[in-house]
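Please find my comments on this model below, set out as numbered points on its pocket, its cores and one of its helices.

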Amino acid sequence: MGPTRIFAIISWVLLPTVMLGGYSLLSLLVRANPWLTPKRLATFRAGHAHAGVLLVLSLLYYTYLAQTSFSSTVKLIACFVYVLGVLAQSGGFFIDMLVEKRGRLCSDFPMQTYASTRSHRISLFLFHP
């Protein structure tokens, strides 16, 4: 079993957890929880949206990556780089949600955006023939 197959299985397992997180967001909204400020609501929603979309895209990425003639080591590195980008992108929103700074973005927001963009570009570069 190649690395792309293993990472695709991991993505399929993680997809319901993202969906469960969206369900928990709806239950917090229904109960009108005071912990859920407008800033936390926006970042929670954005984190789950990015995680869900990037997980679905990862399935497509792994499918196309498996069809290349790269060695297993290069495919493994490309899979890890993509996963790091997904974690940096969606995880940064959740870190920002937990750090309460009113009226401005969290200081790690530019770094989160830079890291996720850079890792996605690297993974696309590795995939490009």
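The points that follow begin with the basis of the model and then turn to the pocket, the cores and a helix.

1. This is a predicted model, in which local features need pLDDT of at least 70 and side-chain atom pairs count only at pLDDT 80 or more, while totals for chains, interfaces and linings use all residues. Residues are numbered from 1 along each chain as its sequence is written, and side-chain values use heavy atoms, with hydrogens and water left out.

2. The largest pocket (an open set of points on a 1 Å grid over the protein atoms alone, where a 1.4 Å probe fits, with protein on both sides within 12 Å along at least five of seven lines) is lined by 19 residues, lining residues being those with an atom within 4 Å of a point. Leu14, Leu55, Val86, Leu87 and Ser90 lie nearest its centre.

3. Helices H1 (3–31), H2 (38–66) and H3 (72–98), taken as DSSP runs of H or I of at least four residues, each supply at least two residues of this lining, and H3 provides the largest share, 7 residues.

4. The largest nonpolar core (buried nonpolar residues, under 20% relative accessible area with a 1.4 Å probe and protein chains only, joined through side-chain atoms within 4.5 Å) has 11 residues, among them Phe7, Leu54, Tyr82 and Val86. H2 gives the most to this core, with 5 residues.

5. H3 has 27 residues and reaches 38 Å from its first C-alpha to its last, close to the 39 Å expected (1.5 Å times one less than its number of residues). H3 nevertheless bends by about 30 degrees at Gly91, the angle being that between axes fitted to the seven residues ending there and the seven starting there.

Key
Buried < 20%, exposed > 50% of the residue type's maximum accessible area, 1.4 Å probe, protein only.
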